[in-house]
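User: I am new to this structure and would like a short walk through its interior. Could we begin with a helix and then turn to the cavities?

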Amino acid sequence: MPNQKILYITTEMYPYQEDTNMAAVVNKMALKMHNEGNDVRVFMPRFGQISERKFQLHEVIRLSGMNIIINDLDQPLIIKVASLPGERLQVYFIDNEEYFKRKQYYFDDEGAPFPDNDERAIFFARGVIETIKKLNWVPDVIHLNGWMASFVPVYLKTYYESDTYFKDARIVLSLYNEKDAELDQNIGEKLEFDNISGLKALDKPTIQSFVIESMNYVDMVVKGDEFLEGNLDTAFNETPTQKSEYLDVDSINQLY
């Protein structure tokens, strides 16, 4: 079904990340939908490992310059854009010196999770939502990939609930076996600042608990990895949300 506006929100995409299933799947999904005549946009964090020179990222001044308040601190939002190498598919990068300049993704060199991973996820989610509104581009489908993206539906259905901008968008969540880690125990206070409370994930805030929480805020859950592990598999089997087993990329348009 061409002529849909499809928004991919992801933490990984080939060639910006290599050697992961998520990165490969998102790349193939986005290109397939793009080549079938849909209006496709991709949003992801501008992690420090992504070379701005190699991939020809440039700042979009008209979209940058907003401040997002996280934990009572103003954090400047910088938007960069690039075309997927060899393709006419635009990828937008959410950037911020404080949160995304570091070379590692979620864990330091000793393997410990960054203490501000929760704030980075909040900033990413709100940054994507605010930038889409500034683009004046209303997606028909929002497809989420990666744990940071799971904060997007939580915000859309709570903090932005009275905002009609995304009211007709259908949200798809792909699940992947990502490495789990604890999030800051004070994340509840940071979300409370945005009038978000009562989440079950706050009982024991982890990367995985927020992915599981977000299943309650989307229209469709799909396996991004063919076989899910542990609590993620249990949550998938138990969720009342409409769901799909793993689909190969050629069949992904059935979801939309």
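**Helix 7 and the cavities**

Analyst: In this predicted model, helix 7 is largely enclosed by the rest of the structure, because 7 of its 8 residues are buried.

User: Which residues of helix 7 are buried?

Analyst: They are Ile207, Gln208, Ser209, Phe210, Val211, Glu213 and Ser214.

User: And what do the buried residues of helix 7 pack against?

Analyst: Their partners are helix 5 (151-156), strand 9, helix 6 (187-192) and helix 8 (230-238).

User: On to empty space. How many cavities of 30 Å³ or more are there?

Analyst: The count is 2 cavities. The largest cavity holds about 50 Å³ of space, and the second largest has a volume of about 30 Å³.

User: Which residues line the largest cavity?

Analyst: Its lining consists of Tyr176, Glu178, Ile207, Gln208, Val211 and Leu232. Helix 7 (residues 207-214) supplies the largest share, 3 residues. By class, the lining has 4 nonpolar, 1 polar and 1 charged residues.

User: What lines the second largest cavity?

Analyst: Gly146, Trp147, Leu173, Ser174, Leu175, Tyr176, Glu178 and Val211 line the second largest cavity.

User: Which element gives the most to that lining?

Analyst: Strand 9 (residues 170-175) does, with 3 residues.

User: And how many of its lining residues are nonpolar, polar and charged?

Analyst: The lining of the second largest cavity has 5 nonpolar, 2 polar and 1 charged residues. Val211, one of the buried residues of helix 7, is in the lining of the largest cavity and also in that of the second largest.

Terms used: Residues numbered from 1 in each chain as written. Predicted model: local features only at pLDDT ≥ 70, side-chain atom pairs only at ≥ 80, totals over all residues. Heavy atoms only, no water. 1 Å grid on protein atoms, 1.4 Å probe; cavity = no way out; pocket = protein on both sides within 12 Å on 5 of 7 lines; lining within 4 Å. Points joined across faces, edges and corners; volume = space filled by probe spheres on them. Helix = DSSP H or I, 4+ residues; strand = E, 2+ residues; numbered from the N terminus. Nonpolar A, V, L, I, M, F, W, Y, C, P; charged D, E, K, R; others polar. Buried < 20%, exposed > 50% of the residue type's maximum accessible area, 1.4 Å probe, protein only. Contact = heavy atoms within 4.5 Å.
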